[in-house]
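User: I would like a close look at a single part of this model, with its surroundings explained step by step.

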Amino acid sequence: MLSIQGRHALAKLMLPFFFVLAIGLIMLGLTRRQAVDSLRMRLADGLTPAYQLLTAPETAFAHLRQTVTGLTDIAGENARLRAENQKLRRWYNVAVALADENAQLKASLHWIPDNAPNFVSGHALRDAGGLYGRSVLLAVGENHNIVPGDVALDASGLLGRVTETGARTVRILMINDDASRIPVMLTASRGNAIMAGDGSPYPRLIYYAQDNRPVEGERVVTGEQPAPDGHEHGAFAGMPGGLVVGTVHYLRPGTPVVVPEASLDHPDIIRVFNYTSADHAGPEAPGRVRLMPPMPVAPELPFVPFQKPTKGQG
């Protein structure tokens with residue numbers, strides 16, 4: 001047992017010790033960034049069973065709550081489902097007719113479809129690690145072939161992008177993180193903007209044309225940003241256009257934000273898509289009309305004003 005004086009001395013030394021330890025960890029992270037990132041992802045892989053065990057009661061409670069809520073109004077739910085079933089049957093007949101017509105038109109045009117991107121599904125695990133404040137750890141198992149930059153979506157819309165990969169887990173940077181910047185397109189005003197996360201539930205819209213401001217309630221989708229040479233590269237490489245993001249809302253005048261369709265607070269099942277390897281341009285389809293190059297224009301002759309001949313001239 002330590003004496004009272006020894007305990008006081010030890011208590012005084014704890015603060016300088018932790019201060020020096022924090023400085024050492026910061027310097028180690030700056031000088032050995034790749035090794036620290038690899039060690040952190042290995043630690044996350046090892047703690048995956050613990051994360052799954054911690055989320056199991058929450059998942060079970062959510063299922064129990066849904067069951068109890070559903071049992072309270074079975075009669076009304078059945079009536080609503082019958083009415084929806086009748087509507088769906090009518091729309092099903094319309095969809096079948098449109099699908100047949102679409103197939104016939106594609107066959108007549110010799111349509112060549114784009115290659116579908118590869119994807120991996122996983123269960124979201126909440127953790128407080130990583131370099132970002134708004135990120136989620138995804139358990140995907142071994143041999144997942146996920147690379148940084150892949151796009152993460154849930155059943156409703158865009159969640160974020162992959163920043164780090166491990167043996168059995170990957171880390172996803174959410175669209176509302178401070179480090180997130182994604183090019184988007186506004187469907188009603190047909191304008192382009194950048195969706196910037198700020199840590200809040202609603203990412204901001206910045207760098208939009210001042211003469212074409214976002215409209216309240218219009219849909220927001222991802223915007224494709226090709227490079228000048230026709231190939232995508234850089235921070236937005238692999239991000240296809242047309243992915244559902246959310247809707248525009250004004251928190252205050254002059255401050256448009258995006259209300260995400262995806263569940264950013266409680267993500268569950270997430271799919272990670274690799275759009276980089278998919279060929280979205282596709283080969284040139286037979287029957288496609290080629291644009292002819294413009295004909296060269298003859299140079300214009302200088303204009304000479306007409307002069308009336310004077311007397312004595314031929």
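How much space lies in the largest pocket, and which residues line the largest pocket, nearest its centre?

Analyst: This is a predicted model, and the largest pocket in it holds about 480 Å³ of space. Its lining is made of 16 residues. Those nearest the centre of the pocket are Glu58, Thr59, His266, Pro267 and Asp268. By type, the lining residues divide into five nonpolar, six polar and five charged. A general point helps in reading such a volume: rolling a probe the size of a water molecule over the atoms shows where empty space is left.

Next, the elements behind the lining. Two elements give two or more residues to it, namely α3, residues 48-71, and β1, residues 118-125. The largest share comes from α3, with eight residues.

Both elements can be followed out from the pocket. Helix α3 lies across β1, β2 and β5, and its direction makes about 65 degrees with that of β1. Strand β1 belongs to a closed barrel of six strands, in the order β1-β2-β5-β4-β3-β12, with antiparallel pairing. From one strand to the next, the twist averages 40 degrees.

Strand β1 pairs with β12 on one hand and with β2 on the other. With β12, residues 269-274, the pairing is antiparallel and has six bridges; Asn118 has Asn274 of β12 as its bridge partner. With β2, the pairing is again antiparallel, over three bridges, and here Ala124 is matched with Leu138 of β2. As a general rule, in a regular strand the side chains alternate between the two faces of the sheet.

Further round the barrel, strand β4, residues 158-165, is joined to strand β5, residues 169-174, by five bridges, and these two run antiparallel. Val162 has Ile172 in β5 as its bridge partner. Helix α2, residues 33-46, packs on the sheet here, where it touches β2 (135-139), β4 and β5. The direction of α2 makes about 110 degrees with that of β5.

One last stretch comes from a record. In an unreviewed entry, UniProt lists residues 13-31 as "transmembrane region". In the model, this span is 100% helix and 0% strand, and its end C-alpha atoms lie 27 Å apart.

To return to the pocket: α3 gives eight residues to its lining, and α3 also lies across β1, β2 and β5, which are strands of the closed barrel.

Definitions and conventions
Residues are numbered from 1 along each chain as its sequence is written. This is a predicted model: local features need pLDDT of at least 70, side-chain atom pairs count only at pLDDT 80 or more; totals for chains, interfaces and linings use all residues. Side-chain values use heavy atoms; hydrogens and water are left out. On a 1 Å grid over the protein atoms alone, a cavity is a set of points where a 1.4 Å probe fits but cannot get out, and a pocket is an open set with protein on both sides within 12 Å along at least five of seven lines; lining residues have an atom within 4 Å of a point. Grid points are joined across faces, edges and corners, and a volume is the space filled by probe spheres set on the points. Helices (H or I, at least four residues) and strands (E, at least two) are DSSP runs, numbered from the N terminus. Ala, Val, Leu, Ile, Met, Phe, Trp, Tyr, Cys and Pro count as nonpolar, Asp, Glu, Lys and Arg as charged, and the others, Gly among them, as polar. Two strands pair if DSSP finds at least two bridges between them. Axes are lines fitted to C-alpha atoms, for helices over the stretch in contact, and angles run from 0 to 180 degrees between N-to-C directions. Contact means heavy atoms within 4.5 Å. UniProt positions are given in the numbering used here, feature names are shortened, and annotations may be inferred rather than shown by experiment.
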